[in-house]
Amino acid sequence: MRKRRILTRLLIVFGAGILLAIGLFAVAWAMTPIPDSTQKDATAQGSVIYYRDGKSVLAKKGIDRRNVPLDKVPQHVRDAVIAAENRSFYQDGGVSVKGTARAVWSTISGQQLQGGSTITQQLVRNYYSGLSQERSITRKFKEIMISIKVDQSKSKDWVLEQYLNTIYFGRGANGAQAAAQAYFGKDVGKLSVAEGAYLAAVIQQPSRFADPKGADLDAAEARWQAVIDAMRQTGTLTPEQAAAQTFPALKAPKKPFELKGQAQYMLDQVTAELNRRGYTDEDINGGGLRVVTTFDKKLMQAAENAVKTVLPDSTPKKVRTGLAAVDPATGEVVAFYGGRPDRSEYDNAFSAKVMAGSTFKPYTLAAALNNGFDLSTRVNGNSPMRVASATKPIPNDSDRSYGEINLISATQNSVNTAFVDLGQKVGLDKVAATAVAAGIPEAQLKQHESAATFPLGVASLSAVQNASGFSSFANGGVHMEAHVVKSVTAPDSRKNVIKGASTQVVSEQAAADTAYAMQQVVKYGTGTAARLYDRPVAGKTGTTDNSQAVWFNGFTPQLAVAVNMFRDDNKPVEIPGYGVQFGGQLPAQVWRAFMTEAMAGKPVMEFPEPSDYGYGSDWVRPDERQDMPQEPQHTQAPDPWSSPTPEITEQPSTEQPTTQGPDTQQDPPRQNDTGGPPTGQPDVPTTGPDGNDTGRWSDNGRSPVGQLGP
């Protein structure tokens, strides 16, 4: 009787325990839902950024993963993974009782030798948020609960697809597609049986088997053979097929992707533009985007070659050079040179902004031609000129007076007073509006646009901005927004083609007349060093106060290019053996070197004809042999497109300039922009009490070493 009571009590306790366990399990089941979010690293697909050809890789961002649907993964690859990791995958309920018990005992005993996880459990642990990789009873129990629920609510094929796209295979490759490329240089759909078996073998020890050698290679071969044997045992390979397999040849691991040369600057600009267009950093790093940029790989190299081959070895490290090339028809920045990334975080083409000098004068010219003036309009080229808003007279170089001259002569000779007079007549607000429409940010002009000297280029611009502005004149007066991204394609193949906004800057005829006047600068004026032997060129030189920044900015109908040189310490751009530089010297030669390569093989296109009054009787084309401005004597090799001129004596200004450094936001109120006749004494501008630029400007032609130039 007593034994029966004890047995009854034990049964009651046992039953109560079972009921309690069932109740606890029910509570745990109810309190452990399938997470509604995934781990970022589990689903993130890195983005690949290409050159404009859409094939050459410029950079990679984020995790190396390319998700593929299960039907794109060969059956033998799926079979290999199942044979290696979870032979009962299609039969189990998402967990393995035997494996889980082994894993729990391993955790309790502290051995921590085996995970004992099914494919579903591995997926749950690596895919859903809220589960860590730590080995604990709590985490394991939670993993089991979620795995059972996933198995009940999702198909086995869905689980296997996510697993194959999530699991890490070594070599930085996440997912089977990235792994196939990393180990064998092919898409997963093209893997052989032996190759697929190797990827399945790698899952166990991805770091060890990523590039096995010696003992690791022996272990990798043994593991691979075990996978082949497992496939034979599961019946997915016949004994004959299994025996025929040989260990596959592994592709040498690729070195980590490194950004070289201008690539870091390119990536910075692409990232910044993607951000402006609504793509977050998370989208870029994990959204699996395929970004095609506007950068032409060959032209990028041509830009770097032009700078490095033209500039002598004696060029001081403090001297910086920027180059930017823009397609006028699209606004695409096809090439640039931004300097040395190892020397500076900011680049010379996009980030650095220096005073535009006389390269700003074409905006004034275009504004006038678009507002009732024409190329035969006569302006006051006398010196000095007194303007009510300026506290001091504004001179030409050496106070040379040109009298009443037309706009072609004013542009060719870069006559300061003529452009100051033109600016007053057309209205400085219209000059500013034209520059803004041509892509120059209003914020960079605002503090200067009320100054009488505004047309002379006291505002600071980047090389990209100036090239983009001039591209308007090459594109019939229409400005296409400068941009560096051609298209963005999402993983689901949705493609966003980027087209820059278009703005009518000036009329088509005003643009043609502006280009015509600028052609004379290259044919007969201060920019002869930029002439191309096979096609017409329009351009403008620019040199700021004491040669702190020197420019050549020009275009053909197909391409607009700006080149500048400056120092970030505001000292004159001086090259040992070459002297103080001017826009018509080394900048123009760099421009020509780049354009010679960029235009090679391109059809020769003529500029549109100017208005009839472009050939007014008061403008006489100079004789090329006698009147063409000449390059000064230097120690460099002779320039085949220009000839030296006799030495000219000038005394440089002794007043300290205050030109803007490339990494500052405020434009200085002083500048010396030259481009006129090569004689006389230059003066330095000063600033009036109202903050306007009012002082004296020098605008001469081709000065010898040490003097102010174009």
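Here is a friendly set of questions and answers about this predicted model.

Me: Happy to start broad: what percentage of the residues in the protein are buried?
Reply: The predicted model has 22 helices and 20 strands. Contacts between residues 24 or more positions apart account for 72% of those with a separation of 6 or more. Of the 710 residues in the protein, the buried share is 57%.

Me: Which helix gives the most to the lining of the second largest pocket?
Reply: That pocket has a volume of about 750 Å³. Of its 26 lining residues, Lys60, Asp64, Ala178, Gln181 and Lys254 are the closest to the centre. At least two lining residues each come from β1 (47-50), β2 (57-61), β3 (64-65) and α8 (176-184). With 4 residues, the element that gives the most is α8.

Me: And how many charged residues are in the lining of the second largest pocket?
Reply: Sorting the lining by class gives 9 nonpolar and 7 polar residues. The charged residues number 10.

Me: β1 and β2 both appear in that lining, so to speak of them as a pair: which residue in β2 is the bridge partner of tyrosine 50?
Reply: β1 and β2 run antiparallel and are paired over 4 bridges. They form a hairpin with 6 residues between them, and glycine 54 in the turn has a positive phi of about 75°. Across from tyrosine 50, the bridge partner in β2 is valine 57.

Me: Is glutamate 282 buried or exposed?
Reply: Glutamate 282 is found in helix α13 (residues 281-286). Leaving aside residues up to four places away in sequence, it touches Lys40 and Gly287. Its relative accessible area is 51%, and the cut-off for exposed is over 50%. Therefore glutamate 282 counts as exposed.

Me: What distance separates the C-alpha atoms of glutamate 282 and alanine 44?
Reply: Along the chain, glutamate 282 and alanine 44 are 238 residues apart. In space, their C-alpha atoms are separated by 8.9 Å.

Me: How far apart are the end C-alpha atoms of helix α12?
Reply: Helix α12 covers residues 263-276, and among its buried residues are Tyr265, Met266, Leu267 and Val270. Just after α12, glycine 278 takes a positive phi of about 100°. At 1.5 Å a residue, the 14 residues of α12 should span 20 Å. The model agrees, because the end C-alpha atoms are apart by 20 Å.

Me: Why is helix α20 described as largely enclosed by the rest of the structure?
Reply: Helix α20 runs over residues 508-524, and its 17 residues should span 24 Å, which agrees with its end C-alpha atoms being 24 Å apart. Buried here means under 20% relative accessible area. α20 is largely enclosed because its buried residues number 14 of the 17.

Me: Strand β13 (residues 485-489) is next: how many of its residues are buried?
Reply: Strand β5 (residues 290-293) pairs with β13 in the antiparallel sense over 4 bridges. Strand β14 (residues 495-497) is joined to β13 by 3 bridges, again antiparallel. β13 is largely enclosed by the rest of the structure, because its buried residues number 4 of the 5.

Me: Which residue in β14 does serine 487 stand opposite?
Reply: Serine 487, in β13, is the bridge partner of valine 292. β13 and β14 form a hairpin with 5 residues between them, and serine 493 in the turn has a positive phi of about 75°. In β14, the residue opposite serine 487 is valine 497.

Note on methods:
Residues are numbered from 1 along each chain as its sequence is written. This is a predicted model: local features need pLDDT of at least 70, side-chain atom pairs count only at pLDDT 80 or more; totals for chains, interfaces and linings use all residues. Side-chain values use heavy atoms; hydrogens and water are left out. On a 1 Å grid over the protein atoms alone, a cavity is a set of points where a 1.4 Å probe fits but cannot get out, and a pocket is an open set with protein on both sides within 12 Å along at least five of seven lines; lining residues have an atom within 4 Å of a point. Grid points are joined across faces, edges and corners, and a volume is the space filled by probe spheres set on the points. Ala, Val, Leu, Ile, Met, Phe, Trp, Tyr, Cys and Pro count as nonpolar, Asp, Glu, Lys and Arg as charged, and the others, Gly among them, as polar. The expected span of a helix is 1.5 Å times one less than its number of residues. Buried means under 20% relative accessible area, exposed over 50%, partly exposed in between (1.4 Å probe, protein chains only). Two strands pair if DSSP finds at least two bridges between them. Contact means heavy atoms within 4.5 Å.
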